[in-house]
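Open the model in a viewer that can select by residue range. The stops below go from the whole chain to two local sites.

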Amino acid sequence: MHNQINKKYASIPLDLNRSNVIYLSKKLMSSKVKPYKDSDLNKKEQVAQMFDTISGEYDGLNRVISFGIDIKWRQKVVNLVTATEPKTILDIATGTGDLAINMAKFNTGKITGLDISEGMLNVGRQKVKAEQLENQVELVVGDSENLPFETDSFDAITVAFGVRNFETLEKGLAEIYRVLKPNGIFVILETSVPTKFPFKQGYQFYSKFILPTIGKLFSKDRVAYKYLSESASVFPYGEALNNILRKTGFINVKDDPQTMGVATIYSASK
Ligand SMILES: C[S@@+](CC[C@H](N)C(=O)[O-])C[C@H]1O[C@@H](n2cnc3c(N)ncnc32)[C@H](O)[C@@H]1O
(Lines give C-alpha, C1' and ligand atoms only; values in the text may rest on other atoms or scores of the structure.)
Protein backbone atom coordinates (compact mmCIF):
# COMPACT_ATOMS: atom_id res chain seq x y z
CA MET A 1 0.00 0.00 0.00
CA HIS A 2 2.83 2.45 0.83
CA ASN A 3 4.31 1.93 -2.65
CA GLN A 4 0.97 2.61 -4.30
CA ILE A 5 0.55 5.78 -2.25
CA ASN A 6 4.09 6.96 -2.95
CA LYS A 7 3.66 6.48 -6.70
CA LYS A 8 0.42 8.45 -6.88
CA TYR A 9 1.55 11.23 -4.56
CA ALA A 10 5.24 11.30 -5.49
CA SER A 11 5.26 15.08 -5.68
CA ILE A 12 3.95 15.48 -2.11
CA PRO A 13 6.62 15.62 0.59
CA LEU A 14 5.56 12.75 2.82
CA ASP A 15 5.85 12.25 6.52
CA LEU A 16 4.64 8.66 6.60
CA ASN A 17 3.37 8.56 10.16
CA ARG A 18 0.29 6.44 10.92
CA SER A 19 -2.35 9.17 10.43
CA ASN A 20 -0.81 10.28 7.11
CA VAL A 21 -0.82 6.69 5.85
CA ILE A 22 -4.47 6.25 6.87
CA TYR A 23 -5.41 9.59 5.27
CA LEU A 24 -3.56 8.88 2.01
CA SER A 25 -4.82 5.32 1.68
CA LYS A 26 -8.42 6.52 2.23
CA LYS A 27 -7.83 9.26 -0.35
CA LEU A 28 -6.48 6.74 -2.83
CA MET A 29 -9.40 4.37 -2.27
CA SER A 30 -11.98 7.16 -2.26
CA SER A 31 -10.87 8.43 -5.70
CA LYS A 32 -10.98 4.86 -7.04
CA VAL A 33 -14.49 4.11 -5.82
CA LYS A 34 -16.69 4.97 -8.80
CA PRO A 35 -20.25 3.87 -9.59
CA TYR A 36 -19.57 1.88 -12.79
CA LYS A 37 -16.38 -0.21 -12.71
CA ASP A 38 -16.30 -0.92 -16.48
CA SER A 39 -17.06 2.61 -17.63
CA ASP A 40 -14.43 4.81 -19.34
CA LEU A 41 -16.04 7.96 -17.96
CA ASN A 42 -14.27 9.75 -15.10
CA LYS A 43 -15.77 9.72 -11.59
CA LYS A 44 -17.53 13.06 -12.06
CA GLU A 45 -19.25 11.98 -15.28
CA GLN A 46 -20.24 8.63 -13.76
CA VAL A 47 -21.65 10.31 -10.63
CA ALA A 48 -23.71 12.76 -12.74
CA GLN A 49 -24.99 9.88 -14.91
CA MET A 50 -25.88 7.80 -11.84
CA PHE A 51 -27.80 10.63 -10.13
CA ASP A 52 -29.61 11.49 -13.38
CA THR A 53 -30.78 7.85 -13.53
CA ILE A 54 -31.97 7.61 -9.92
CA SER A 55 -33.32 11.20 -9.62
CA GLY A 56 -36.99 10.12 -9.78
CA GLU A 57 -36.64 7.60 -6.96
CA TYR A 58 -34.01 9.43 -4.88
CA ASP A 59 -36.25 11.17 -2.31
CA GLY A 60 -38.34 8.07 -1.58
CA LEU A 61 -35.39 5.68 -1.28
CA ASN A 62 -33.46 8.20 0.78
CA ARG A 63 -36.13 8.12 3.50
CA VAL A 64 -36.17 4.31 3.42
CA ILE A 65 -32.41 3.78 3.68
CA SER A 66 -32.00 6.24 6.53
CA PHE A 67 -35.22 5.14 8.30
CA GLY A 68 -36.23 8.80 8.05
CA ILE A 69 -33.51 9.95 10.48
CA ASP A 70 -31.95 12.15 7.80
CA ILE A 71 -34.83 14.61 8.37
CA LYS A 72 -33.58 15.21 11.93
CA TRP A 73 -29.95 15.62 10.78
CA ARG A 74 -30.97 18.07 8.05
CA GLN A 75 -32.96 20.14 10.57
CA LYS A 76 -29.83 20.44 12.74
CA VAL A 77 -27.93 21.80 9.73
CA VAL A 78 -30.75 24.26 9.04
CA ASN A 79 -30.65 25.43 12.69
CA LEU A 80 -26.87 25.92 12.62
CA VAL A 81 -27.04 27.96 9.43
CA THR A 82 -30.14 30.05 10.14
CA ALA A 83 -28.79 31.01 13.60
CA THR A 84 -26.19 33.13 11.75
CA GLU A 85 -28.95 34.97 9.80
CA PRO A 86 -27.27 34.68 6.40
CA LYS A 87 -28.48 36.83 3.49
CA THR A 88 -26.94 34.62 0.83
CA ILE A 89 -26.69 30.82 1.06
CA LEU A 90 -25.15 28.32 -1.35
CA ASP A 91 -26.22 24.67 -1.05
CA ILE A 92 -23.69 22.61 -2.97
CA ALA A 93 -24.59 19.17 -4.40
CA THR A 94 -28.15 20.25 -3.65
CA GLY A 95 -29.63 17.28 -5.53
CA THR A 96 -33.42 17.45 -5.34
CA GLY A 97 -33.14 20.55 -3.15
CA ASP A 98 -34.37 19.24 0.24
CA LEU A 99 -31.88 21.22 2.31
CA ALA A 100 -32.23 24.38 0.19
CA ILE A 101 -36.04 24.25 0.54
CA ASN A 102 -35.84 23.62 4.29
CA MET A 103 -33.48 26.55 4.78
CA ALA A 104 -35.86 28.78 2.82
CA LYS A 105 -38.64 27.96 5.29
CA PHE A 106 -36.59 29.21 8.24
CA ASN A 107 -34.70 32.07 6.62
CA THR A 108 -35.50 34.96 4.29
CA GLY A 109 -32.09 35.05 2.55
CA LYS A 110 -31.51 34.18 -1.10
CA ILE A 111 -30.61 30.52 -1.60
CA THR A 112 -28.74 29.07 -4.55
CA GLY A 113 -28.64 25.27 -4.95
CA LEU A 114 -25.96 23.89 -7.27
CA ASP A 115 -25.57 20.37 -8.66
CA ILE A 116 -23.96 18.57 -11.61
CA SER A 117 -27.03 16.40 -12.23
CA GLU A 118 -29.69 18.12 -14.33
CA GLY A 119 -32.04 15.18 -13.51
CA MET A 120 -31.79 15.80 -9.74
CA LEU A 121 -32.23 19.57 -10.25
CA ASN A 122 -35.37 19.05 -12.35
CA VAL A 123 -37.00 17.10 -9.50
CA GLY A 124 -35.88 19.88 -7.14
CA ARG A 125 -37.34 22.61 -9.36
CA GLN A 126 -40.76 20.95 -9.23
CA LYS A 127 -40.53 20.88 -5.41
CA VAL A 128 -39.48 24.56 -5.27
CA LYS A 129 -42.47 25.43 -7.48
CA ALA A 130 -44.86 23.35 -5.36
CA GLU A 131 -43.66 25.22 -2.25
CA GLN A 132 -43.95 28.58 -4.09
CA LEU A 133 -40.35 29.40 -3.29
CA GLU A 134 -39.23 30.38 -6.83
CA ASN A 135 -38.41 33.94 -5.72
CA GLN A 136 -36.11 32.73 -2.96
CA VAL A 137 -34.56 29.48 -4.19
CA GLU A 138 -32.70 29.13 -7.48
CA LEU A 139 -31.32 25.76 -8.62
CA VAL A 140 -28.40 25.93 -11.04
CA VAL A 141 -26.30 23.33 -12.79
CA GLY A 142 -22.58 23.52 -11.95
CA ASP A 143 -19.51 21.71 -10.68
CA SER A 144 -18.41 22.13 -7.06
CA GLU A 145 -14.80 21.87 -8.19
CA ASN A 146 -15.13 24.91 -10.46
CA LEU A 147 -17.76 27.17 -8.91
CA PRO A 148 -19.28 29.84 -11.18
CA PHE A 149 -19.24 32.51 -8.42
CA GLU A 150 -17.04 35.44 -7.37
CA THR A 151 -14.67 35.09 -4.43
CA ASP A 152 -16.30 35.99 -1.04
CA SER A 153 -19.89 35.70 -2.34
CA PHE A 154 -21.87 33.74 0.28
CA ASP A 155 -22.63 34.19 4.00
CA ALA A 156 -23.27 30.45 4.40
CA ILE A 157 -22.46 27.32 2.41
CA THR A 158 -23.85 23.81 3.00
CA VAL A 159 -23.21 20.37 1.50
CA ALA A 160 -25.39 17.39 2.51
CA PHE A 161 -24.21 13.95 1.45
CA GLY A 162 -22.25 15.53 -1.39
CA VAL A 163 -18.57 15.85 -0.49
CA ARG A 164 -17.85 12.13 -0.75
CA ASN A 165 -19.01 12.21 -4.37
CA PHE A 166 -16.55 14.94 -5.37
CA GLU A 167 -13.92 13.69 -7.79
CA THR A 168 -11.21 15.65 -5.95
CA LEU A 169 -12.30 16.49 -2.41
CA GLU A 170 -9.54 19.08 -1.81
CA LYS A 171 -10.39 20.96 -5.01
CA GLY A 172 -14.08 21.14 -4.08
CA LEU A 173 -13.27 22.33 -0.55
CA ALA A 174 -10.81 24.96 -1.86
CA GLU A 175 -13.54 26.32 -4.16
CA ILE A 176 -16.02 26.44 -1.27
CA TYR A 177 -13.44 28.30 0.85
CA ARG A 178 -12.89 30.78 -2.00
CA VAL A 179 -16.58 31.69 -2.48
CA LEU A 180 -17.42 31.81 1.27
CA LYS A 181 -17.29 35.32 2.81
CA PRO A 182 -14.84 35.93 5.68
CA ASN A 183 -16.65 34.98 8.95
CA GLY A 184 -19.17 32.99 6.89
CA ILE A 185 -20.31 29.56 8.05
CA PHE A 186 -19.68 26.27 6.21
CA VAL A 187 -21.64 23.16 7.23
CA ILE A 188 -21.20 19.62 5.92
CA LEU A 189 -23.56 16.71 6.62
CA GLU A 190 -21.96 13.44 5.54
CA THR A 191 -22.08 9.75 6.30
CA SER A 192 -19.45 8.44 8.72
CA VAL A 193 -18.62 5.08 10.23
CA PRO A 194 -19.48 4.10 13.85
CA THR A 195 -16.36 3.02 15.73
CA LYS A 196 -17.86 1.39 18.85
CA PHE A 197 -19.22 -2.13 19.41
CA PRO A 198 -21.95 -3.14 18.51
CA PHE A 199 -22.80 -0.18 16.24
CA LYS A 200 -19.67 -0.72 14.13
CA GLN A 201 -20.66 -4.33 13.39
CA GLY A 202 -24.33 -3.39 12.87
CA TYR A 203 -23.33 -0.66 10.43
CA GLN A 204 -21.02 -3.03 8.50
CA PHE A 205 -23.86 -5.54 8.12
CA TYR A 206 -26.29 -2.82 7.06
CA SER A 207 -23.99 -1.26 4.47
CA LYS A 208 -22.66 -4.56 3.07
CA PHE A 209 -25.94 -6.48 2.84
CA ILE A 210 -29.07 -4.40 3.53
CA LEU A 211 -28.27 -1.23 1.54
CA PRO A 212 -27.21 -3.01 -1.70
CA THR A 213 -30.28 -5.31 -1.39
CA ILE A 214 -32.64 -2.32 -1.07
CA GLY A 215 -30.91 -0.89 -4.17
CA LYS A 216 -31.27 -4.14 -6.10
CA LEU A 217 -34.95 -4.47 -5.22
CA PHE A 218 -36.14 -0.91 -5.59
CA SER A 219 -33.68 1.09 -7.68
CA LYS A 220 -33.57 1.60 -11.44
CA ASP A 221 -29.80 1.49 -11.13
CA ARG A 222 -28.65 -1.72 -9.44
CA VAL A 223 -25.08 -0.60 -8.77
CA ALA A 224 -25.93 2.88 -7.45
CA TYR A 225 -26.59 1.78 -3.88
CA LYS A 226 -23.54 -0.47 -3.87
CA TYR A 227 -21.46 2.58 -4.84
CA LEU A 228 -23.13 4.71 -2.16
CA SER A 229 -22.20 2.25 0.60
CA GLU A 230 -18.69 1.56 -0.76
CA SER A 231 -17.92 5.27 -1.06
CA ALA A 232 -19.15 5.85 2.51
CA SER A 233 -16.85 3.18 3.93
CA VAL A 234 -13.65 4.68 2.45
CA PHE A 235 -14.44 8.38 2.97
CA PRO A 236 -12.50 10.25 5.72
CA TYR A 237 -14.61 11.24 8.75
CA GLY A 238 -14.22 12.83 12.18
CA GLU A 239 -10.76 14.19 12.93
CA ALA A 240 -9.47 13.12 9.49
CA LEU A 241 -12.00 15.34 7.71
CA ASN A 242 -11.50 18.10 10.30
CA ASN A 243 -7.80 18.10 9.38
CA ILE A 244 -8.53 18.31 5.66
CA LEU A 245 -10.81 21.30 6.35
CA ARG A 246 -8.06 22.98 8.42
CA LYS A 247 -5.51 22.33 5.66
CA THR A 248 -7.87 24.04 3.22
CA GLY A 249 -7.80 27.14 5.45
CA PHE A 250 -11.05 26.80 7.40
CA ILE A 251 -11.04 27.84 11.06
CA ASN A 252 -13.28 26.94 14.05
CA VAL A 253 -13.61 23.43 12.64
CA LYS A 254 -15.90 21.14 14.67
CA ASP A 255 -17.45 17.72 14.12
CA ASP A 256 -20.66 16.53 15.74
CA PRO A 257 -21.37 12.79 15.22
CA GLN A 258 -25.07 11.88 14.86
CA THR A 259 -26.95 8.66 15.68
CA MET A 260 -24.06 6.46 16.94
CA GLY A 261 -21.76 8.03 14.32
CA VAL A 262 -23.55 6.91 11.15
CA ALA A 263 -23.51 10.55 10.03
CA THR A 264 -21.53 13.60 11.14
CA ILE A 265 -22.23 17.32 10.97
CA TYR A 266 -19.08 19.40 10.46
CA SER A 267 -19.07 23.17 10.88
CA ALA A 268 -16.31 25.63 10.07
CA SER A 269 -15.75 29.25 9.16
CA LYS A 270 -13.34 31.42 7.15
C1 LIG B 1 -26.34 11.88 -2.32
S2 LIG B 1 -26.83 13.24 -3.30
C3 LIG B 1 -27.21 14.45 -2.08
C4 LIG B 1 -28.27 15.40 -2.52
C5 LIG B 1 -28.79 16.37 -1.46
N6 LIG B 1 -27.77 17.27 -1.00
C7 LIG B 1 -29.40 15.64 -0.30
O8 LIG B 1 -29.00 15.88 0.82
O9 LIG B 1 -30.30 14.85 -0.51
C10 LIG B 1 -25.27 13.79 -3.92
C11 LIG B 1 -25.40 14.88 -4.95
O12 LIG B 1 -24.10 15.40 -5.24
C13 LIG B 1 -24.07 15.81 -6.58
N14 LIG B 1 -22.67 16.00 -6.99
C15 LIG B 1 -21.70 15.06 -7.02
N16 LIG B 1 -20.55 15.60 -7.45
C17 LIG B 1 -20.79 16.91 -7.67
C18 LIG B 1 -20.00 17.99 -8.12
N19 LIG B 1 -18.72 17.82 -8.44
N20 LIG B 1 -20.56 19.20 -8.22
C21 LIG B 1 -21.87 19.39 -7.91
N22 LIG B 1 -22.69 18.41 -7.49
C23 LIG B 1 -22.15 17.17 -7.37
C24 LIG B 1 -24.82 14.67 -7.28
O25 LIG B 1 -25.25 14.98 -8.57
C26 LIG B 1 -25.97 14.42 -6.29
O27 LIG B 1 -27.11 15.15 -6.61
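Colour by secondary structure to begin: the protein, a predicted model, has 10 helices and seven strands. Now show the whole protein as a surface. About 13,200 Å² is accessible, and carbon and sulfur atoms hold 56% of that area. Of the 270 residues, 52% count as buried. In a contact map restricted to separations of 6 or more, 69% of the contacts join residues 24 or more positions apart.

Next, select residues 43-65, helix H3, together with residues 199-218, helix H8. The two axes lie 11 Å apart, at an angle of about 145 degrees, and the crossing of H3 past H8 is right-handed. Which residues meet here? Show side chains for Glu57, Leu61, Val64 and Ile65 on H3, and for Tyr206, Leu211, Ile214 and Phe218 on H8. By class, the contact between H3 and H8 comprises seven nonpolar residues, one charged residue and no polar ones.

Move on to helix H7, residues 169-179, and pick out its buried residues: Leu169, Gly172, Leu173, Glu175, Ile176 and Val179. Why do they fall on the same side of H7? Look down the axis: these residues span an arc of only 160 degrees around it, so they share one side of the helix. The general background is that an α-helix has 3.6 residues a turn, so residues three or four places apart point the same way.

Last, keep those H7 residues displayed and add what covers them. The cover includes strands E1 (88-92), E4 (154-160) and E5 (180-191), along with helix H10 (239-248).

Note on methods:
Residues numbered from 1 in each chain as written. Predicted model: local features only at pLDDT ≥ 70, side-chain atom pairs only at ≥ 80, totals over all residues. Heavy atoms only, no water. Axes fitted to C-alpha atoms, helices over the stretch in contact; angles between N-to-C directions. Helix = DSSP H or I, 4+ residues; strand = E, 2+ residues; numbered from the N terminus. Left-handed = near helix turned anticlockwise from the far one by under 90°. Contact = heavy atoms within 4.5 Å. Nonpolar A, V, L, I, M, F, W, Y, C, P; charged D, E, K, R; others polar. Buried < 20%, exposed > 50% of the residue type's maximum accessible area, 1.4 Å probe, protein only. Arc of directions from axis to C-beta. Areas by Shrake-Rupley, 256 points an atom, 1.4 Å probe, with all protein chains shown as cover.
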